[in-house]
Amino acid sequence: MQAPVREPQAPVTAAPAGTRLASIDALRGFDMFWITGGTNLFLALSVLIAPPMARILDVQFNHSAWNGFTFFDLVFPLFIFVSGLTIPFSITKRVERGDDRAALYRHVAIRVSLLFVLGLWKSGIHLDPFSMRIPGVLQRIAICSGVASVIAMHTRPRTQVYITAGILLGYWALMALVSVPGVGAGHYTPDGNLAGYIDRLLLPFPDKWCCYTFGDSEGVLTTLPAVATAMLGVLAGHRLRASGSPWSKMSWLIIAGVSCLALGLAWATVFPINKYLWTSSYVLYSAGWSMLMTAAFFWIIDVKAVSRWSFFFRVIGSNSIVIYMLEAPIRFVFLKTLFGASAALALLIACLDVSVRWLVVYYLYRKKWFLKF
């Protein structure tokens, strides 16, 4: 058995420029925790100890009904943002040291293909390949990280800013100016928006669409602004990887994060913050929170070396796709049949579910087996 992983005991100034940061794995794991049992755990705990808090958490741990923003609306874009955040530490670094471009393209293509196939598996291709949902969470991550990787391979950060702005403005123009037959242009209602109309034209099996009746929340057109979410992560990754003091990096992230929040709120007056349509205001607003969280994790974990608390999340983050794909080996709902439904039992089931998933990825962590994307 390997010796326990020891945490650093003294503060460090920061990791050298270009070095992979522990805070990135911790932030990715923190994000993934909430969709692999964490929400059920906290809701069950709050029902037992603070019922009024449970009502607040219930709102925040669910997506907005349509326009608006909750904590759970941040989870998916934060993961795409972090997938972009890692690109300067992987793809850009290899470009700068002169690695073969063909090998880089193969690396990106293999990663995108594997993620897409895993997404199809999660959607149920192994159960019914002729009646399944083609879009999905992993499929969107695959496309966004793949496109962002190719852009990062061929452009400098300043050009990437222009590309990101162009994507957001172009998507807004499409949604505002292109007319939907029988409805008109510039409608952002569930049944009148352009993205939903394109999904109805191009995506089969409407009964499999996710989250709303008239389109898919991971549909065709809404993938375009999601690429901008990954690109904002790339831009933040460039800043973290660059030379400079930790304070200058954190300051940049804070200023950029607050600016994105302000721009997102301002844009929302004409193009509402909407997760289902992945509106440009939603991209900026969610990226603002993502940057502020990146700054906090970077400062606490990498700069101040206060990292013991993050080990739980770093284990998840080191194999985030595995824990997402993992269904707990034992579904503990049978306990309700044996003992009846109660708040205490709901908490026990949530604890068991989180524990089993975490122990599986902890075993992989100890063996140093990582499924890297």
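Leu45, Leu48 and Ile49 form a nonpolar patch on the surface of this predicted model, and together they have about 280 Å² of accessible area. Patches are built from residues with over 30% relative accessible area and no salt bridge, with nonpolar side chains (Val, Leu, Ile, Met, Phe, Trp, Tyr) joined within 5 Å and like charges within 9 Å. Accessible areas come from the Shrake-Rupley method with a 1.4 Å probe, and for residues only the protein chains shown count as cover. Within the patch, Leu48 belongs to helix α1 (residues 22–49). With a relative accessible area of 42%, Leu48 is partly exposed; on this scale buried means under 20%, exposed means over 50%, and partly exposed lies in between (1.4 Å probe, protein chains only).

A word on conventions helps here. Residues are numbered from 1 along each chain as its sequence is written, and side-chain values use heavy atoms, leaving out hydrogens and water. Because the model is predicted, local features need pLDDT of at least 70 and side-chain atom pairs count only at pLDDT 80 or more, while totals for chains, interfaces and linings use all residues.

The chain as a whole contains 15 helices and 2 strands. Helices (H or I, at least four residues) and strands (E, at least two) are DSSP runs, numbered from the N terminus. Of the 373 residues in the chain, 50% are buried. The chain exposes about 17100 Å², and carbon and sulfur atoms supply 69% of that area. Contact means heavy atoms within 4.5 Å. Among contacts between residues at least 6 apart in sequence, 71% join residues at least 24 apart.

Moving inward, the largest nonpolar core has 97 residues, and Ile80, Met175, Leu232 and Leu277 have the most contacts inside it. Helix α11 (residues 280–303) gives the most to this core, contributing 12 residues. Such a core is a set of buried Ala, Val, Leu, Ile, Met, Phe, Trp, Tyr and Cys residues joined through side-chain atoms within 4.5 Å. Not counting residues up to four places away in sequence, Leu277 touches Trp66, Tyr171, Met175, Tyr188, Asn193, Ala195, Tyr212 and Thr222. Another of the core residues, Leu232, is touched by Thr164, which also meets Ala228, Met231 and Leu235 when residues up to four places away in sequence are not counted. Thr164 sits in helix α7 (residues 157–177) and counts as buried, at 3% relative accessibility.

Two of the partners of Leu277, Asn193 and Ala195, lead to helix α8. The buried residues of helix α8 (residues 194–202) are Leu194, Ala195, Gly196 and Asp199, and they pack against α7, β1 (211–212) and β2 (215–216). Asn193 caps the N-terminal end of α8, with a side-chain oxygen 3.2 Å from the backbone nitrogen of Ala195.

Charged pairs add another layer to the picture. The structure holds 8 salt bridges, each being a side-chain nitrogen of Lys or Arg within 4 Å of a carboxyl oxygen of Asp or Glu. Glu96 forms one with Arg241, where the closest N and O atoms are 2.7 Å apart. Glu96 lies in helix α4 (residues 87–96) and Arg241 in helix α9 (residues 223–241), so this pair ties together parts that are 145 residues apart in sequence. Glu96 is exposed, with a relative accessible area of 55%, whereas Arg241 is buried, at 14%. Asp99 pairs with Arg97, with 3.0 Å between the closest N and O atoms. Here Asp99 is partly exposed at 22% relative accessible area, and Arg97 is exposed at 55%.

Lys275 forms a further salt bridge with Glu218, the closest N and O atoms being 3.6 Å apart. Lys275 lies in the loop between α10 (246–267) and α11, and Glu218 in the loop between β2 and α9, so the pair ties together parts that are 57 residues apart in sequence. Both Lys275 and Glu218 are buried. These two residues also belong to a network of salt bridges that links them with Arg133 and Asp216.

Finally, His154 lies in helix α6 (residues 137–154) and is partly exposed, at 46% relative accessibility. Leaving aside neighbours within four places in sequence, His154 is in contact with Arg101 and Tyr105. The C-alpha atoms of His154 and Val95 are separated by 9.0 Å, although these residues are 59 apart along the chain.

Notes
A polar contact is a pair of N or O atoms within 3.5 Å; within protein, one must be able to donate a hydrogen and the other to accept it, and residues adjacent in sequence count only if both atoms are side-chain atoms.
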